[in-house]
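Please find below my notes on the model, set out as numbered points. They begin with the general course of the chain and go on to individual elements and residues.

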Amino acid sequence: MKKIITTLLMVSCLLTAAYAAETDEYPWAKEAVDYCVEHEILHGMEDGSLALGETITREQTAKLLVSTFLPDSVNEENTVTEFADIWQTRWSAPYIAVYQNYMKKKELVFNPQEEITREEFCAGLVMVSGLTEGNIRNRTILEENFSDADEVDKDYQRLLCIAVERGYMLGSEQKLNPKEKLTRVEACSLIYRVIQAKDGERLSLGVTPSETQMIGEPQVRIEQAKKWAEENNASENFVLAADFYWQYGELTGIRPEILYAQSAKETAFGRYGGRVLPEQNNFAGIKTKTATGDETYDHETFATQEDGVRGHFNHMSAYLGLEPIGEPHERYFSVSKMTWAGTIKTLEDLGGRWCPDLYYGYSILHHFITPMMETEV
């Protein structure tokens with residue numbers, strides 16, 4: 001017995017050493033692979049290797065995702081699927097029986113041994129992890145960040161937007177490579193990022209890091225801002241609101257061009273067009289304290305244009321840890337009680353706080369503030 005135990009320990013050590021050698025080839029994914037091995041999400045191959053560089057099939061994907069996020073849904077006796085090429089006796093049938101309910105695109109056959117693409121895997125990952133297309137925040141995030149966004153299958157676009165805005169899916173050199181076949185090491189990395197996010201961890205993003213300080217002297221003149229707004233077909237009210245933005249910027253110390261740019265993003269340069277109405281004077285899409293959805297009544301209404309701008313600055317003050325000016329709206333108090341309230345220092349920090357889109361601050365910086373700063377008067 002002692003000899004058997006010693007032999008097993010030796011084999012275990014050899015496998016651990018082999019795994020370590022493999023993960024050394026992928027230092028960027030070591031933590032993810034270690035997690036997946038430790039939690040039996042990823043298993044070794046028959047030869048004892050992890051085969052991290054090999055691609056994975058569609059049936060392996062079904063097992064991988066279902067085992068990770070829906071383990072209690074697997075029933076070995078439930079092997080009925082919608083696909084003509086999946087026999088009930090096939091080893092993957094119990095997993096495909098569950099996974100088929102989370103597939104965006106379905107055909108008559110499943111093609112179980114076909115290698116899966118990055119876009120299909122990520123679409124399935126988003127849905128199996130508990131999100132739907134209704135969770136999308138930024139519908140243009142792919143084209144904002146990746147040069148090959150037009151290559152994404154239209155059926156997967158919304159789900160990939162969610163994967164990107166939440167930091168699950170990263171690109172490389174401004175490319176998403178949606179049609180590339182997914183490797184086992186990439187699968188580990190994607191799954192691990194979702195698990196991290198569910199545990200409340202802040203994820204890094206596939207963009208060049210920047211830190212745009214929220215507090216400081218304005219770097220854009222008010223005349224510049226107004227001309228920029230006019231060149232973008234802004235409403236007359238939005239152009240006039242610039243006066244109040246620079247006024248409250250001076251009173252609070254918050255850079256006015258940042259909030260003015262944020263308002264442009266939130267209200268389509270004062271043209272609105274969504275659930276928030278112009279007469280609500282809500283320049284930042286601020287919700288009410290009791291909001292339960294995204295209807296018009298779920299958003300704050302301010303009496304005047306100045307009250308709306310003041311409300312915007314007060315709302316941001318809760319994020320930055322500043323005292324409000326005058327009597328703040330009720331939502332201010334809700335935000336000020338958040339565990340992270342008062343910790344926000346940069347525009348980029350707003351991602352995942354102001355809204356679920358982790359790229360939120362970067363979008364405002366690159367698509368609104370930078371063009372505003374480059375406007376010539």
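1. Read along the sequence, the chain follows the pattern α-α-α-α-α-α-α-α-α-α-α-α-α-α, which amounts to 14 helices and zero strands; helices (H or I, at least four residues) and strands (E, at least two) are DSSP runs, numbered from the N terminus. This is a predicted model, in which local features need pLDDT of at least 70 and side-chain atom pairs count only at pLDDT 80 or more, while totals for chains, interfaces and linings use all residues. Residues are numbered from 1 along each chain as its sequence is written, and side-chain values use heavy atoms, with hydrogens and water left out.

2. As for overall dimensions, the C-alpha atoms of the chain fill a box of roughly 80 × 45 × 40 Å along the principal axes. The accessible surface comes to about 19100 Å², and 49% of that surface belongs to carbon and sulfur atoms; the areas come from the Shrake-Rupley method with a 1.4 Å probe, and for residues only the protein chains shown count as cover. Of the 377 residues in the chain, 49% are buried, where buried means under 20% relative accessible area, exposed means over 50%, and partly exposed lies in between (1.4 Å probe, protein chains only).

3. Among contacts (heavy atoms within 4.5 Å) between residues at least 6 apart in sequence, 69% join residues at least 24 apart. The chain carries 36 positive and 60 negative charges, and the mean positions of the two sets are 2 Å apart. In this count Lys and Arg are positive and Asp and Glu negative, with His and the chain ends not counted, and each charge is placed at NZ of Lys, CZ of Arg, CG of Asp or CD of Glu.

4. Helix 7 deserves a separate look: seven of its nine residues (157-165) are buried, so this helix is largely enclosed by the rest of the structure. The buried residues are Leu159, Leu160, Cys161, Ile162, Ala163, Val164 and Glu165, and they pack against helix 5 (118-128) and helix 6 (141-145). Just after helix 7, Gly167 takes a positive phi of about 80 degrees.

5. Which helix gives the most to the lining of the largest cavity? Helix 5 does, with three residues, and the full lining consists of Tyr99, Tyr102, Met103, Lys104, Lys105, Glu120, Ala123, Gly124 and Tyr156. About 50 Å³ of space lies in this largest cavity, and the count is one cavity of 30 Å³ or more. On a 1 Å grid over the protein atoms alone, a cavity is a set of points where a 1.4 Å probe fits but cannot get out, whereas a pocket is an open set with protein on both sides within 12 Å along at least five of seven lines; lining residues have an atom within 4 Å of a point. Grid points are joined across faces, edges and corners, and a volume is the space filled by probe spheres set on the points.

6. The second largest pocket holds about 420 Å³ of space and is lined by 19 residues, of which Trp28, Ala29, Leu170, Ser189 and Arg193 lie nearest its centre. The elements that give two or more residues to this lining are helix 2 (30-38) and helix 8 (184-198), with helix 8 giving the most, namely six residues.

7. Two residues other than glycine call for a check of their backbone angles. Glu40, in the loop between helix 2 and helix 3 (58-69), has a positive phi of about 55 degrees and counts as exposed at 58% relative accessibility. Asn111, in the loop between helix 4 (93-99) and helix 5, also has a positive phi, near 55 degrees, but is partly exposed, with a relative accessible area of 30%. Most residues other than glycine have a negative phi.

8. Arg331 lies in helix 13 (residues 330-336) and counts as partly exposed at 25% relative accessibility. Leaving aside residues up to four places away in sequence, Arg331 touches Ile286, Lys287, Thr288, Lys289, Ala291, Glu300 and His315. Arg331 and Gly311 are 20 residues apart in sequence and 9.8 Å apart in space, C-alpha to C-alpha.

9. Gly326 is found in the loop between helix 12 (305-320) and helix 13, and at 55% relative accessibility it counts as exposed. The C-alpha atoms of Gly326 and Gly311 are separated by 9.5 Å, with their positions 15 residues apart along the chain being the sequence separation.
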